[in-house]
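This report describes selected features of one protein chain for a reader who is new to structural analysis. Please keep the sequence and the structure in view while reading.

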Amino acid sequence: MGRAVSVAACALNQWALDFEGNLERIFRSIDIAKRRGARYRLGPELEICGYGCSDHYYESDTLLHSFQVLAKLLESPATQDIICDVGMPVLHRNVRYNCRVIFLNKKILLIRPKISLANAGNYRELRWFTPWNKARHVEEYFLPRIIQEVTGQETVPFGDAVLATKDTCLGTEICEELWAPNSPHIEMGLDGVEIFTNSSGSHHVLRKAHTRVDLVNSATAKNGGIYILANQKGCDGDRLYYDGCAMISMNGETVAQGSQFSLDDVEVLVATLDLEDVRSYRAEISSRNLAASKVNPYPRVKVNFALSCSDDVAVPTCMPIQWRHHSPEEEISLGPACWLWDYLRRSKQAGFLLPLSGGIDSSATACIVYSMCHQVCLAVKNGNVDVLADARKIVNDETYVPEDPREFCKRVFTTCYMASENSSQDTCNRAKLLAEQIGSYHINLNIDAAVKAIVGIFSMVTGRTPCFSVYGGSSRENLALQNVQARIRMVLAYLFAQLTLWTRGMPGGLLVLGSANVDESLRGYLTKYDCSSADINPIGGISKTDLKNFIQYCIENFQLTALRSIMSAPPTAELEPLVDGQVAQTDEADMGMTYAELSIYGKLRKIAKAGPYSMFCKLINMWKEICTPREVASKVKHFFRMYSINRHKMTTLTPSYHAENYSPDDNRFDLRPFLYNTTWSWQFRCIDKQVSKLEKKEGISVAEDVD
C-alpha cells in the first residue's frame with residue numbers, strides 16, 4: 001500500500017487583474033510541481049485574479065475573467081494527473097465567496113468557500129465577500145457554460161467538505177482560518193483528515209514571520225498531520241508586500257521552508273512525506289482519539305486518485321529542518337527592496353529619484369535601493385531570466401547584463417542634494433560620499449534663487465517680508481519660510497525626475513521616492529507637499545529606531561563607511577538659519593519629544609488602542625522610574641495635541657511600504673478622523689484629576705513615612 005505522498009506549495013508573485021500573467025505563473029508552478037513528482041499542487045489565495053483587487057471584486061468582469069482562466073487551466077494537458085487547488089472569487093446564489101476550486105483531470109472535485117474572513121488592519125474581506133456559515137454542509141453549484149463545456153459537469157459540490165483520495169484525506173483552510181480561535185483543522189483532524197492545506201494572502205510586517213511559522217507547526221503538534229501553506233508574494237499593486245514563506249510541516253515540525261524575500265515570480269516547494277508517521281503520531285494521543293470517536297463527520301468527496309505510489313517503500317521522505325528567521329535589519333534590507341523592484345518594473349519607469357539630504361531617513365532609503373540592485377544582480381547571476389528581461393527593459397538595452405550593484409545603481413538611481421543657505425557643508429559632504437559609495441547618479445543644486453523668487457512675489461503683493469524667528473520674526477513667519485523651502489524641493493524633485501534622463505540622452509522618467517519615517521508621520525513632523533510627497537515611500541512604515549539599526553547593518557554588510565558620520569549626526573530638517581555655520585535646529589527639539597517616545601506613543605495609540613487617558617495610565621507605570629505622573633501627563637497631552645493638529649497630513653501621505661502595525665496611514669489601515677477638537681478637554685481633564693489623586697496619595701505616603 002502507498003504511504004509516501006508528494007505535495008507542492010507555491011509562492012507566486014501574482015498581480016491584481018493581470019489575468020494573463022497570473023495564468024502563466026500558475027501554469028509554470030504546476031509544471032515545476034509535476035516535474036518534481038508532486039501529486040497535489042496548492043497555490044496562494046485568490047491567485048487567478050490577484051488578492052488585491054479590492055472593489056474590482058464587485059465587477060462581473062472579475063468573475064468572468066476568473067472563470068475564463070479556470071477554463072484554460074482545466075482544458076490544458078499540463079494539469080493532468082495532479083490535483084490542482086486554485087483560488088478565485090465565485091458567485092453562488094448571488095452571494096460572492098472567496099473560494100478554492102479543486103480539480104483533477106478536467107473535473108472539478110470541490111469548490112470550497114472561505115469560512116473566516118480577514119477583516120482587520122489592512123484587510124476588508126467582509127466588504128467584498130460573505131463567509132460560508134454552513135458548517136459541514138455541501139450544496140450543488142451550477143457551473144457556467146464555459147466550464148461545463150470543458151468538464152462535462154453541470155453541477156459540482158460547493159461547501160465545507162474534505163477530499164478522500166485512495167490513500168489519505170485532505171482538508172482545506174484559507175488564510176485567516178489558520179489564525180481563527182476555532183480553526184477548521186482542529187475538527188478536520190479529529191475526523192481523520194491527514195493533510196491540511198492553507199492558501200494565504202499574508203503580508204509582511206517586521207518581526208511577524210515567526211508567528212505564522214508557529215501557527216502552522218502548532219496546528220499539527222497537538223493533533224498530528226501534514227500542513228501545507230502557500231502564500232502570495234511580491235507587490236500586487238498596493239502598499240503591502242506579500243512575503244511568500246511557503247512551508248510544509250508535519251507533526252509539529254517544519255520539513256520544507258520557502259524563501260521570505262525573493263525576486264523569483266514562481267517558487268515551488270515540494271516535499272515527500274510518510275503518512276504512517278502521521279498515523280503513528282496520532283496513535284498514542286489518547287485525548288485526541290477520545291475526541292475523534294465522537295466528532296461530527298465532514299462530508300467527503302471521493303477521489304479516484306492517490307497521492308502516493310503503490311510501491312514506494314524505497315522512496316526517500318523529508319526530515320525536519322530548523323527554520324531560519326531573518327533579523328529585522330535583514331527584513332528592512334530585503335522586503336522594501338523587493339517591493340521597489342516590483343513597483344519599478346510594473347510601472348514601466350526607468351528608475352528612481354531620491355532627494356538625498358545626508359540624514360538617516362533619506363540615507364536609509366538610498367540603501368534600500370542599493371539593496372534592490374544587489375538582489376537584481378544576484379538573481380541574474382542565479383539564472384533568473386525574468387529579472388534579466390525586466391532589467392534590460394528598464395535600462396533600455398537588450399544586451400545589458402547587471403553584474404555589479406554599483407554600476408546598475410548608476411543606471412537606475414538618481415540622487416539629488418538640494419542645498420539652501422540653511423544647509424551645512426557637513427550634510428552636503430555626507431550625501432555626496434554615500435552617493436559615490438552606492439554608485440548613484442548624483443546631482444547637487446541650490447534652491448535659494450527659487451525660494452527668494454517665491455518670497456519676493458509674496459512681498460511684492462503684500463508689502464510685507466517675513467523673516468525667521470532668529471531675526472525677530474514670529475513663529476508663523478518662521479514656519480512659513482521653512483515650508484517654502486520644503487515645498488520647493490518637492491517641485492524640483494518632480495521636475496528632475498521627469499527630465500534628468502532626457503538631459504542625459506536617455507528615454508523614460510523616474511519615480512520619486514519619499515523618505516518620511518513612520519514616527520514623523522504619526523507626529524505630523526513634515527510639511528504637507530514637501531519631499532515626503534512622492535510616488536512611493538519604502539520607509540514610510542518603519543520606525544526611526546529600526547532605521548538606525550538598519551544603517552548599522554548596511555555599514556557592516558555593504559561596507560558603506562559614509563553611513564558612520566550619518567549615524568552620529570543629530571537628525572535635522574536644516575530649514576532654519578545656521579549659527580556660526582553650524583546646524584542649530586534638531587528634529588527632537590522641534591517635535592518636543594524623542595523618536596523613542598514617539599515609537600511608544602504609536603504602539604499604544606494603534607496596537608493597544610489607547611486614547612489619551614488610557615495612554616497616560618499605561619505610561620505612569622512604564623515610565624515611573626524616569627517621570628512623575630505630572631510629567632507623563634504633559635508628554636501625553638503634547639503628543640495628542642500635535643497628533644490631532646497634524647492628522648490631516650495623513651490624507652496626503654505618500655503610499656508607503658507597510659512594515660509596522662502602528663502605521664498612521666489612513667488609506668485603509670488606520671481609519672480615524674482628520675479633523676479633531678484638539679483641546680481634548682474631557683480627556684485631558686480626566687488625566688488632570690488622576691494626576692491630582694496620585695500626587696495627593698504620594699503626599700500622604702510621604703507624611704506617613706515621616707511619622
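## Surface and interior of the predicted model

Ile454 counts as partly exposed, since its relative accessibility is 37%. The structure is a predicted model, and Ile454 has its place in helix α15, which covers residues 448-462. Together with Ile457, Met460 and Val461, Ile454 forms a nonpolar patch on the surface. The accessible area of these four residues together is about 440 Å².

Another residue to consider on a helix is Leu290, found in α9 (residues 286-292). Leu290 is exposed, with a relative accessible area of 58%. Its C-alpha atom is separated by 9.2 Å from that of Leu190, although the two residues are 100 residues apart along the chain.

## Two buried polar residues

Ser183 sits in the loop between α5 (176-179) and α6 (184-190). Is Ser183 buried or exposed? Its relative accessibility is 4%, so Ser183 counts as buried. A polar atom of the Ser183 side chain lies 3.1 Å from the backbone oxygen of Leu178. When residues up to four places away in sequence are not counted, Ser183 touches Glu173, Glu177 and Leu178.

Asn422 belongs to the loop between β18 (413-419) and α14 (425-438). With a relative accessible area of 3%, Asn422 is buried. The side chains of Asn422 and Gln485 are joined by a polar contact of 3.0 Å.

## Cysteines

A disulfide is a covalent bond between the sulfur atoms of two cysteines. How many disulfides does the model contain? The count comes to 0 disulfides. Cys53 is in no disulfide, and the nearest cysteine sulfur, that of Cys49, is 4.1 Å away. The cut-off for a disulfide is a pair of cysteine sulfur atoms within 2.5 Å. The sulfur of Cys367 has its closest cysteine sulfur in Cys554, and because the two are 4.0 Å apart, they are too far for a bond. Cys53 is buried, at a relative accessible area of 2%, and Cys367 is also buried, at 0% relative accessibility.

## Salt bridges

The count of salt bridges comes to 38. Three of them are listed below.

| Acidic residue | Basic residue | N to O distance |
|---|---|---|
| Glu47 | Arg100 | 3.3 Å |
| Glu194 | Arg279 | 2.7 Å |
| Asp670 | Arg647 | 2.9 Å |

The salt bridge between Glu47 and Arg100 links distant parts of the chain, 53 residues apart. Glu47 is in the loop between β2 (40-42) and α2 (60-75), whereas Arg100 is in strand β4 (residues 95-104). Both Glu47 and Arg100 are buried.

The salt bridge between Glu194 and Arg279 also links distant parts of the chain, here 85 residues apart. Glu194 is in the loop between α6 and β10 (195-200), and Arg279 is in helix α8 (residues 275-283). Glu194 counts as buried at 9% relative accessibility, while Arg279 counts as partly exposed at 25%.

What does the salt bridge of Asp670 and Arg647 tie together? Both residues lie in the loop between α23 (629-646) and α24 (681-706), so the pair ties together parts that are 23 residues apart in sequence. Asp670 and Arg647 are both buried. They also belong to a network of salt bridges that links Arg605, Lys606, Arg647, Asp670 and Arg672.

Note on methods
Residues numbered from 1 in each chain as written. Predicted model: local features only at pLDDT ≥ 70, side-chain atom pairs only at ≥ 80, totals over all residues. Heavy atoms only, no water. Buried < 20%, exposed > 50% of the residue type's maximum accessible area, 1.4 Å probe, protein only. Patch = residues over 30% accessible without salt bridge, like charges linked within 9 Å, V, L, I, M, F, W, Y side chains within 5 Å. Areas by Shrake-Rupley, 256 points an atom, 1.4 Å probe, with all protein chains shown as cover. Salt bridge = Lys/Arg side-chain N within 4 Å of Asp/Glu carboxyl O. Helix = DSSP H or I, 4+ residues; strand = E, 2+ residues; numbered from the N terminus. Polar contact = N/O pair within 3.5 Å; in protein donor to acceptor, adjacent residues only side chain to side chain. Contact = heavy atoms within 4.5 Å.
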